Amino acid sequence: MDSLMIYIYQVAFSFSILVLISLGLALIFGMMKVINLAQGEFLMLGAYFCVLFSNMGLPLWITVPLAGLAVGAFGVVVERTVIQFLYGRVLDTLLATWGISLFMIGIITTIAGPQSHSVSVDVGRISVGGLAVPGYSAIIIAGAVVMLAGTYAIWRYTNLGLIVRGTMQNPEMSRALGTNTSLIYMFTFGFGSALTGLAGALLVPLFGASPTMGALYISKAFIAVISGGPWPLIGTISASGLYGGIDGVISYLYSPVLGEICVLLVAIGMLRLLPEGITGHMRKGI
Amino acid sequence: MLGYLFRDFRRPASERPSIVWWVFVALLAATLVYLPHQLGLAGLMDLSVIFVLALLALSMSFLWGYIGMLSFGQTVFFGMGGYVYAVAAMNWGTTTLPFLLGILLPMAFAVLLGFFMIYGRLSDIYFSVMTLVLTLILNKAMRATSGSQFVVGDVRLNGQNGIPGVPPLQVPWNPTVTLFIDHVYYLSGAILILVYVGLRLLLTTPFGRIMVGVRENEKRIELLGYNSRRYKLVAFVLSGGLAGLSGTLFAIWGNFVAPEMFGLGRAAEVIIWVIVGGKATLIGPIVGVGLIQYLTTWLGMQGVGQVTLILGMILIIFVLLFKEGLVPTVGNLLVRVLGVKSNDAAKKRDHK
Amino acid sequence: MKLSRRQFTKLASGGLAFASLQGTLSSAGIASEAPIKIGNILDQTGGLNIYSLKQMKAVAMAVDEINAAGGLVGRPLELIFYDAQSSNQLYSQYATQALLRDEVDTIHGGVTSSSREVIRPIVQRFESLYFYNSLYEGGVCDRRHVSTGMVPGQQLDALCPYVVNERGGKKGYILAADYNYGHITSRWLQKYIRDLGGEDLAVEFIPLDVSNFSSVIARIQDAKPDVVWSALVGAAHMSFYRQFHSTIGTDQMMLAGTTYSIGREQVELSPEEGEGIILATSFYDGLDTPAANDFVRRFHEYTGETDYIGEYGESGYRGIALWAEAVRRAGNAEPDAVIEALGGTSVEGAGGLYTIDGQTNHTIMNIHVAVQNDKQEFDAIKTFEQRQPVDTQLVCNLNENPNDTTQYEVQLD
């Protein structure tokens, strides 16, 4: 029983981390077919905003949403100055976002230095199956769930969400119906960036903030999004569930490196069987 | 002259290259021979690595620009070539066979992969992602071999640290003579020119024309009775061999191999070279490698602070302002300014 | 004096040189002499720059001080800096360039073992002299290479008895970075722990890009050791200390680090996260000896910075000081003459007396065991005087085999 609890915790934790780091990327990819290679650096920026606001004395429950907003605003700027000129040129967006990622690493190192920073949040330890785990991991798991639920609610129940989904399914038709698709794209990019910034800020107390931290996450996020396929929410949940499950169990049983290699191997198998991702054959989705 | 040359770069690849182009190649070869009189050994070393990496860039742009398959993970074969050469040469004490294996084993692996992916009808972007994931796996796997139990023959794989002290190439008929920095320069320069000319001529053959046809419209090529997958496979294997050759030469150049040869950073760099230079030509990627490598090395000595900051800005500017890459953009400009008959006119004439 | 761009001048070759101000040189009366050149290759950019930035400045400071004091054997020093951007390919290019194009008399620098192994053969080929100013796994036997940092035989010989005997850390759980340094260090750790009558419950190797330690920490809790030994390296591994603090904590279980403080970890962690961690190093800022305090003051004055310097920074200064002393003993800066003079070269430095051991070209030094307090500083526990690089001495004898260039791996069982 105890060990079952430990497995559940390990899987839930791995799942949540994957959701956090890939949801913003999945939204942007699903919506605009833009692969944002600077995703890792958007996370990093969120983490730095979190450190900045915390150093100003704000409590975590304010700094995290603030960091999300700040990165969202940054995302809008990036979309307006670079990305909007590149729609329909998938590879050029890849290259431009790679440029943005290098640029961001450089600028943050110049401003804040190469060392990592942390924010200490004492929420105590909780006991799972006889083992102490960080109380903060409950916040991370809750954060992932809230992010998924919030995105779902906005997408499903608001007018804006309807327009966004419509644009995603058929941009020409939305444009014909009078939607300003350019604005919708800007909004989606900003929203995806905000989610990513939020995630980066949430991760700080356990993982810290450093200029090169993006590289640790980008390949995982990338693989989760591609395996998830075109529908961002279902895709992210199913891919994160699959890979989080494998990673959580194998890492605990053997070692973290074996966990990661297994995830990559399964990813290759998945792509061979379902080349368009888990949600690739769904006509409708979210 | 320059205008005609650039027009030639932009000609449909299936046409035979003009005399101006042959003059250009001859000039390149002459420069190659002349430069050592001007540059010291350190300069030659910088140039050699550009030649070596240009082969890697060509392996990708050939596949992408001419048959339309974007392999994000040419580094799979690059790293494999380097490691195969290193391990074989250190075990056997001879280098000729390891050099060949450094090309052949990546090709064999490309055959396997090709069957898996091309005959599995993997669509474009997923083909790219698959190759990327593969290079990430190999990178991780190589990094995990630090333990003393990971030995091939007498050679420790050494994980993260890579294998230092990879032996220099021996002259096949006289193994006591090994290649020094300037010899590696001549070797890699000569190979690069040969590969460049070879690929250019390959594209004028029926095989090359069908390749371009597959890029333009795979369905139509199949309806015409060609087995497009076979062409894709052959192109993939060729480019794998080319990347393997590049990796082998890289190991010979630097006397080391390391998992970073498989890394995401290097994989992305290859794309950057090709896009900056221009993928629709064969000369573009070579120019791209030269430019970016030179810039990286130069910036590292300028005390500018964060080199990535400047590289990042250059990339963004390139994507926004030079959509087709440097060589086609400059070419268009020259053709216009110098008033050479435009490409389209040339094309029309040729189609008649 | 602040380290500024004014002091950097362009070389004809396009390289970047660090030169002392003309005023300094002329008041020392050496402005007109041909300079002795030093190449310093480090990572100002890229993932490894946390280790490099202080060292770059410490090296520049050492060069400046020597110039102000009249130069070396009557000639000024010129420093040429190369940013290898955490790439071994660039290490290879710059090392060649430094020796052939810029004609430096010695190369200092390199961060990782792999960068050192890229530089060594090049220095060997062009018959120069290389100073590697970093702690590492030990075993390099090469007369053209000088190691000025700690090796496991020095560090663990001090750290292990303290933790196992005096603190009762009998049962240990070893976490090590998954590359040469971690593998070799963990084997030495096992040997020392067993020799002291302790027990090593498990050894885990962690890839450098792993930052999620939840499964590792779960296994540690299953094993219930007295002490966790960390030979973790780099930015991603910093998460371990954070996650250890939020699950087990140093109040429940001891945590001793072989690399801790080297990358200035304690400054980057919050005070609570780092409190109680045990370490052994050849230099830390709070050492509180006159020499250490003086070094810290000069460094802060020189750079205008006030933050922690640490061993990585100080060992850059140490490397230049030892090399300069060997040049003085040799009477000129010719690499081969300097190599002859290396053995027994000795300087009084910030961490104590440093002496080059001629048998191995490694450095005999003091090792200080310390524990972090609640103010991100270290409290001194004990200083072990003049530790010999015993592990490398076991396998390396340059006096008998001057042509050796191997990196030996000590076989333990």
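This report walks through chain A, its contact with chain B, the contact between chains C and B, and the domains and one strand of chain C. The model is predicted.

**Chain A**

Chain A has 11 helices and two strands. Read from the N terminus, four helices come before the two strands, and helices fill the rest: α-α-α-α-β-β-α-α-α-α-α-α-α. Its C-alpha trace spans about 60 × 45 × 35 Å along the principal axes. The radius of gyration of chain A is 19 Å, which agrees with the value near 19 Å for a compact globule of 286 residues. Of those 286 residues, 59% count as buried. Sequence distance matters here too. Take the contacts in chain A between residues at least 6 apart in sequence: 77% of them join residues at least 24 apart.

**Two contacts with chain B**

Chain B touches both chain A and chain C. The contact between A and B takes 29 residues from chain A and 30 residues from chain B. On the chain A side, the elements that give two or more residues are α4 (90-112), α9 (214-228) and α11 (256-273). The largest share, 13 residues, comes from α4(A). By class, this side has 21 nonpolar, five polar and three charged residues.

The contact between C and B takes 32 residues from chain C and 31 residues from chain B. On the chain C side, β4 (77-83), α3 (88-100), α4 (113-125) and α6 (180-195) each supply at least two residues. Here α3(C) gives the largest share, eight residues. The classes on this side are 13 nonpolar, 14 polar and five charged residues.

The table sets out the class counts for these two sides and for a side inside chain C.

| Side | Nonpolar | Polar | Charged |
|---|---|---|---|
| Chain A, touching chain B | 21 residues | five residues | three residues |
| Chain C, touching chain B | 13 residues | 14 residues | five residues |
| Domain 1 of chain C, touching domain 2 of chain C | seven residues | three residues | two residues |

**The domains of chain C**

The domain assignment of chain C gives domain 1 (2-150 + 311-365) and domain 2 (152-281). Domain 1 is thus written as two segments. The centres of the two domains, taken over C-alpha atoms, are separated by 31 Å. Their contact takes 12 residues from domain 1 of chain C and 14 residues from domain 2 of chain C. On the domain 1 side, α2 (49-68) and α12 (310-330) of chain C each supply at least two residues.

**Strand β10 of chain C**

Strand β10 of chain C covers residues 227-231. Five of its five residues are buried. Val227(C), Trp229(C) and Ala231(C) point one way from the strand. Val228(C) and Ser230(C) point the other way.

β10(C) pairs with two strands, β8(C) and β11(C). With β8 (residues 171-177), the pairing is parallel and runs over five bridges. Leu175(C) stands opposite Ser230(C) in this part of the chain. With β11 (residues 254-257), the pairing is also parallel, over four bridges. There, Trp229(C) stands opposite Ala256(C).

A helix completes the arrangement. β10(C), helix α8 (residues 238-247) of chain C and β11(C) make a right-handed β-α-β unit.

How values were computed:
Residues are numbered from 1 along each chain as its sequence is written. Chains are lettered from A and ligands numbered from 1 in the order in which they are written. This is a predicted model: local features need pLDDT of at least 70, side-chain atom pairs count only at pLDDT 80 or more; totals for chains, interfaces and linings use all residues. Two residues are in contact if their C-beta atoms, placed from the backbone, lie within 7 Å. Ala, Val, Leu, Ile, Met, Phe, Trp, Tyr, Cys and Pro count as nonpolar, Asp, Glu, Lys and Arg as charged, and the others, Gly among them, as polar. Domain bounds come from an automatic or database domain assignment. A residue is buried if 20 or more other C-beta atoms lie within 10 Å of its own, exposed if 12 or fewer, and partly exposed in between; C-beta atoms are placed from the backbone. Two strands pair if DSSP finds at least two bridges between them. A crossover is right-handed if, with the strands pointing away from the viewer, the path from the first strand over the helix to the second runs clockwise. The radius of gyration is taken over C-alpha atoms; the globule rule is 2.2 Å times the number of residues to the power 0.38.
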